[in-house]
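Reader: Could you take me through the nonpolar interior of this one, slowly, and tell me how the cysteines fit in? I'd like one part looked at closely rather than a tour of everything.

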Number of protein chains: 2
Amino acid sequence: MIKVSVLYPNKPGSRFDMVYYVDKHMPLAMRLLQKGLRKTEVDAGISGTAPGEPPAFHGGCQLYFDSIGAFAEAWGPAAKEIQADIPRYTDVAPVIQFNEIKLTV
Amino acid sequence: MIKVSVLYPNKPGSRFDMVYYVDKHMPLAMRLLQKGLRKTEVDAGISGTAPGEPPAFHGGCQLYFDSIGAFAEAWGPAAKEIQADIPRYTDVAPVIQFNEIKLTV
């Protein structure tokens, strides 16, 4: 199993509409990526660990697929519509990476 | 439920021993934080999304607790031993933040 992690950097002054992201964008993305999507988790950043420290990321999501290939197959036909929706909730580009899940306990 | 996300930036030239992290450090951390720790996931970064792009993070972990307070209670007595172990596998400081889980499907 692999995990695609999508994180939106909390740059000073940047915009992120968490309500739109959770209520509109993620349901759209999950519907468009449903072929092969095993699990989805959506997070909202609360804070860093130091008192008063803002979170490094506004939040983001983790998308679980059997393989990078399975993700790519789902992403191809969905990419255009998902990407076109991003400016509706943020003006920052997400940091996206593929992870191997080493342990789940 | 909250999620403590711990991510190790993949700075050029930085060191990260994933074998030690998965086999030694995380079992130590999970044992020391067991009071209140609901779930743990450990990831190894594979790549970014562009061809040949390295992952933004070497990897990291997500620690699930009922609340930030429950994490703080577990972390207090465990912090010293966990932090002393970090130089054994990396020379980068992790980015740590608290997240609210908005959706798990």
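**A close look at the core**

Author: Let's start from one residue, bearing in mind that this is a predicted model. Once you set aside its neighbours within four places in sequence, B:Leu63 is in contact with B:Ile2, B:Lys3, B:Val4, B:Met26, B:Leu33, B:Leu37, B:Lys39 and B:Thr40.

Now step back to the core itself. The largest nonpolar core has 27 residues, and B:Leu63 is among those that touch the most other members, along with B:Val4, B:Tyr21, B:Leu33 and B:Phe65. Where do the pieces come from in chain B? Strand 1 (2-9), helix 1 (18-32), strand 2 (39-47), strand 3 (57-65) and helix 2 (68-85) each put in at least two residues. Helix 1 of chain B gives the largest share, with seven residues. As a rule of thumb, nonpolar side chains in soluble globular proteins tend to be buried together.

There's also a second, separate core, this one of 26 residues, and its members include A:Ile2, A:Val22, A:Ala74 and A:Tyr89.

On to the cysteines. Counting over all chains, you'll find zero disulfides. Why is A:Cys61 unpaired? Its closest cysteine sulfur sits in B:Cys61, 19 Å off, and that is too far for a bond, given that a disulfide needs the two sulfur atoms within 2.5 Å. A:Cys61 also counts as buried, at 4% relative accessibility. Looking from the other side, B:Cys61 is in no disulfide either, with the sulfur of A:Cys61 as its nearest at 19 Å. B:Cys61 is buried too, at 4% relative accessibility.

Methods:
Residues numbered from 1 in each chain as written. Chains lettered and ligands numbered in written order. Predicted model: local features only at pLDDT ≥ 70, side-chain atom pairs only at ≥ 80, totals over all residues. Heavy atoms only, no water. Core = buried A, V, L, I, M, F, W, Y, C linked by side-chain atoms within 4.5 Å. Buried < 20%, exposed > 50% of the residue type's maximum accessible area, 1.4 Å probe, protein only. Helix = DSSP H or I, 4+ residues; strand = E, 2+ residues; numbered from the N terminus. Contact = heavy atoms within 4.5 Å.
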